[in-house]
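Open the structure in your viewer and keep the selection tool handy. We will go stop by stop, with a word at each on what to select and what is there.

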Amino acid sequence: MTLAAVAPLPVSEDSHGVLRVGGTRVPLETVIRAWQQGETPEQIAQDYDALALADIYAIVAYYLKNRLALDNYFDERDRASAAVRKQYQARFPLTELRERLTRGNRHRVPSAG
């Protein structure tokens, strides 16, 4: 076997530009952030049973070799997520819902217990 026969990185980019692991819907940053928080690849594989353990190790190794580029990608994704969240919050404010829930809770009869 030659080195050219080594499997490629198990990452694909979806139509929204999100990098996904091993043909699953699990985003690359989910795996790396779990690893950064101290989870082992084995724990991550248990949490995300769609992921192959070998793919998780490959992703972590790739991250260690390409940390700056991937950290920039993660920062970009965080900014995009924050922008979308802000749009949804402006479009669908939770203030009215909170007020209705608060009013409803004031009128509830305590349960006999």
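## Stop 1: the aromatic rings

This is a predicted model, and a search of the whole of it finds 4 aromatic pairs. Select Trp35 and Tyr63 to see one of them: the two rings are edge-to-face, 6.1 Å from centre to centre, with 70° between the planes. This pair links distant parts of the chain, since Trp35 sits in helix 1 and Tyr63 in helix 3, 28 residues apart.

Are these two partners buried or exposed? Tyr63 is buried, because its relative accessible area is 2% and the cut-off for buried is under 20%. Trp35, at 25% relative accessibility, counts as partly exposed.

Now add Tyr73 and Phe74 to the selection. Ring pairs link them with Trp35 and Tyr63 into a cluster.

## Stop 2: helix 1

Next, select residues 28-36, which make up helix 1. Which of its residues are buried? They are Leu28, Glu29, Val31, Ile32 and Ala34. A reminder for reading the helix: an α-helix has 3.6 residues a turn, so residues three or four places apart point the same way.

To see what covers these buried residues, show the elements around them. The cover includes strand 1 (11-13) and strand 2 (19-21), along with helix 2 (41-47), helix 3 (53-65) and helix 4 (67-91).

Then step past the end of the helix. Helix 1 is followed by Gly38, which has a positive phi, near 100°.

## Stop 3: Thr24, in a loop

Move back along the chain to Thr24, in the loop between strand 2 and helix 1. Thr24 is buried, with a relative accessible area of 16%. Turn on the side chain and look for the backbone nitrogen of Val26, which the Thr24 side chain reaches at 3.1 Å. Leaving aside residues up to four places away in sequence, Thr24 touches Ala50 and Leu51.

## Stop 4: Arg20, in strand 2

Finally, select Arg20 in strand 2. Is this arginine buried or exposed? Arg20 is buried, because its relative accessible area is 14% and buried means under 20%.

What does its side chain reach? One partner is the side chain of Asp14, in a polar contact at 3.0 Å. The Arg20 side chain also reaches the backbone oxygen of Arg25, at 2.5 Å.

To finish, show the neighbours of Arg20, again not counting residues up to four places away in sequence: Pro10, Val11, Ser12, Asp14, Arg25, Val26, Pro27 and Leu28. Leu28 will be familiar as one of the buried residues of helix 1.

Technical notes: Residues are numbered from 1 along each chain as its sequence is written. This is a predicted model: local features need pLDDT of at least 70, side-chain atom pairs count only at pLDDT 80 or more; totals for chains, interfaces and linings use all residues. Side-chain values use heavy atoms; hydrogens and water are left out. Buried means under 20% relative accessible area, exposed over 50%, partly exposed in between (1.4 Å probe, protein chains only). Helices (H or I, at least four residues) and strands (E, at least two) are DSSP runs, numbered from the N terminus. Contact means heavy atoms within 4.5 Å. A polar contact is a pair of N or O atoms within 3.5 Å; within protein, one must be able to donate a hydrogen and the other to accept it, and residues adjacent in sequence count only if both atoms are side-chain atoms. Rings of Phe, Tyr and Trp (its six-membered ring) pair if their centres lie within 6.5 Å; planes under 30 degrees apart count as stacked, over 60 as edge-to-face and the rest as tilted.
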